[in-house]
Amino acid sequence: MENVKHLWQKPLPRRKFLGLSAAAAGGAALLGRLTPLTGVPRAEAADQSEEKIIPTSCVHNCGGRCYLRAHVRDNVVVRFSSDQEGPDSPELPQARACLRGRAQRQRLYHPDRLKYPMKRVGKRGEGKFERISWEEALDTIARELTRIRDTYGNEAIYLNYATGIYGQISQAWITPAFGGALKRFFNMFGGFLEYYNTYSTACYSFTAPYTYGSVEGVSPDNLLYSKLIVLFADNTAETRLGGANYHYYLRQAKEKGARIIVVDPRYTDTAANVADEWIPIRPTTDNALLAALAYVIIMENLHDQAFLDKYCLGFDEEHMPPGVPPGNSYKSYVLGLGEDKTPKTPEWAEAITGVPRDTIIKLARQIATIKPCCLIQGWGWQRHAYGEQPVRGLPVLAAMTGNIGIKGGGPGLYYSGQGVSVAWMPAGENPVKAAIPCFMWTEAIERGHELTAADGVRGVDRLPTDIKVVWNYASNTLINQHADVNRTAQILVDETKCELIVVHDVFLTPSARFADILLPDVTHFEREDIVTFGSGIGYAIYYQKVVDPPHECRSVYWVCSELAKRLGFGDRYTEGKTEEDWLRYIVEETRKANPDFPTFEEFRRRGIYKVVPKEPIIPYKKQIEDPVNNPFKTPSGKIEIFSPRLWAMNKPKEIPAIPKYVPAWEGPEDPLREKYPLQCIGPHYKRRVHSTFDNVPWMEEAARQELWINPEDAAKRGIKNGDRVKVFNDRGATITYAKVTPRIMPGVVALPQGAWWTPGPDGVDTRGCINVLTKYHPTPLARGNPQHTNLVEVVKL
Ligand code: SF4
């Protein structure tokens, strides 16, 4: 920690804060009049009693955690402001909130907040509930958990994938590295079936280690040293919006003179904001482009042969592992000397990708000759049928151009960040060792007892049981965010399969409608916790309780404590501690490892703790500077362009040993295009964090749900901008508005993911939920989520 400066959020001078407060109160009042909302106390209605500013945060899964300041009068939040201190420089950016964080009042005071515990009275999924007491809810859950555990074993209990809330106590995302109240409870109850992977990054995090042995991206401040930045499927202007997040650094790099190129089917907000050039490409065809770029670089002798010879395995025939027949190196594949006898020329790639040959040649020359060049892969292109391939494909270009291990360059992966390490509420060990890929939980409900290591099960050879309990805390993955909503609904309505579904959330989300027992959660403004975040800088935020919880809303720690009491381990679970006691413990533990971390009182009062690094992260620098003493963590110690581990799997069509273009099912070459001619992708949208904020009226005003469609495709269908349209395929149909725009390439439509599934009487979704169109078809290696691989048709209503 010697190379860092520690900086604190300073309290605003009182004069300044009163001035800002008055100005913003006027703004809030205006918005209040524009969008009257019965549940939201109006700012102008608050009395003139003293306004308190309470440090808090925004804690959903956007990839950031921004600092919020709640302005409170008489136990009412009259507005939120954000980080305003410091120079807002790359060394100390302000962790400013985006439009979503600033709209949190409408979420906090939404009239649809869940108020009481409820039990299902209709069929599962119908959404019919009856109010019950907390006593009845907790007694029922304790009884059912015990019955199911005793009948099927703890492996039948599944904590569903969830990212709605982050916090060192109230963490919803359960992974081995994290602790928290929920995990602690189920570990003490005898364990639960774990998951691995994420819905966002399965192919990325699973596959990149086959190339590098680890996953190390550049910190975004590294971009400030780049002369060329090429973003593949990376839309930071919508996905990394916070003031200290990646898009801030892209803007800074742009201002310092870097040339920025965006490769994406859409002219994204990022392209509009920072790009010198936009290269549209058909979804699922990225590896055809990457191979053609390599072809040009090789044919023009622009590659760094010395780098490849020294650090890489499998680029050419001279650097292959023993025992592999000739023709299997990457160079042989690119030049057409391998099995397919097809040179990956720019003309070949143009026919597949839709990127003109001259554009490919120009891009290849820029990547090969402008140095340092930082190639960044977003996560969009790996949520595809063969999402593993681009993850391994881009690092080859980084190696061919010798950009790995140098400042301003990069390994062709995603970003990483500096981070601040903070202790967790201890969760202990999970006695259950079995884990499944998170995308496969519905399959584990249907045929868990058949799933083996060959299906991706970890920790055991075969699952001993199907899933019988789903605990769904702060998650909309139970239905909305999982592939093929109609298939999932069919599985969940059958009570003989999954026997108990508990949902603990703030709203009656589409997922909550499938609960047997529904528990009203507090928002994170109604309890205390700590969150961390790392980008160019790292920081930790203490979020204080801002207002009292409404009605009978209860925190996850309270729920788990009460259940533990009923199940006979209450004292062991709580150790007699309140939530504040645990937060004190967390800060104490953190200070043992990092004495510079503030005391509990100081941290709680200040709200935010920032750590500013002097140098950016340059991944694999040690390996490049001293490869003998710092080999890559691959079996060969090299960058494995050819992976002997993948070769040994002997599935070359779907899991090739070198990164290849594998034509996707429901891709541009699928004969199904006769029936469904449009490729449909589901990008992230600035109005939501996944499905969070979908019910916030200000977000609806700012950016309504729309299907992006090119004017050419719209004209063929008689569709005009703003028309209501139906988007459909064999899996389902949804209705939304058309946004007719040249910002998306012909043949592709985009329906932003996260809209709440709202089926009409005919079963057709009425709100633009893309997951009625997506397919449950795990990717072949990582078993990830292929969300952007869908063929559809669109008609005007
Ligand atoms: S949604 Fe993300 S970027 Fe926006 S305020 Fe919240 S944490 Fe920050």
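The paragraphs below lead through aromatic rings, charges placed over rings, and one pair of packed helices in this predicted model.

The aromatic side chains are a convenient place to start, and a search of the whole structure finds 42 aromatic pairs. One of them joins tryptophan 173 and phenylalanine 178, whose ring centres are 5.2 Å apart and whose planes stand at 85 degrees, an edge-to-face arrangement. Phenylalanine 178 has a relative accessibility of 23%, and because buried means under 20% and exposed means over 50%, phenylalanine 178 counts as partly exposed. Elsewhere, ring pairs connect a cluster made up of Phe185, Phe186, Phe189, Phe192, Trp471, Tyr557, Phe569 and Tyr573.

Rings also take part in another kind of arrangement, in which a charge sits over the ring face. Lysine 407 lies over the face of tyrosine 225, at 4.5 Å from the ring centre, and the charged end of lysine 775 sits over the ring of tryptophan 665, at 4.7 Å from the centre of that ring.

From side chains the path leads on to helices, where two packed helices are described by the angle between their axes and the distance between the axes. Helix H9, which covers residues 286–299, packs against helix H13, residues 357–369, with an angle of about 65 degrees and with the axes 9 Å apart. Since angles of 65 to 115 degrees count as roughly perpendicular, H9 and H13 are described as roughly perpendicular to each other, and their crossing is right-handed. On the H9 side the contact is made by Leu289, Ala292, Leu293, Val296 and Ile297, while H13 contributes Ile360, Ile361, Leu363, Ala364, Ile367 and Ala368.

Notes:
Residues numbered from 1 in each chain as written. Predicted model: local features only at pLDDT ≥ 70, side-chain atom pairs only at ≥ 80, totals over all residues. Heavy atoms only, no water. Phe/Tyr/Trp six-rings, centres within 6.5 Å; stacked < 30°, edge-to-face > 60°. Buried < 20%, exposed > 50% of the residue type's maximum accessible area, 1.4 Å probe, protein only. Lys NZ or Arg CZ within 6 Å of the ring centre and 35° of its normal. Axes fitted to C-alpha atoms, helices over the stretch in contact; angles between N-to-C directions. Helix = DSSP H or I, 4+ residues; strand = E, 2+ residues; numbered from the N terminus. Parallel < 35°, antiparallel > 145°, perpendicular 65-115°, else oblique. Left-handed = near helix turned anticlockwise from the far one by under 90°. Contact = heavy atoms within 4.5 Å.
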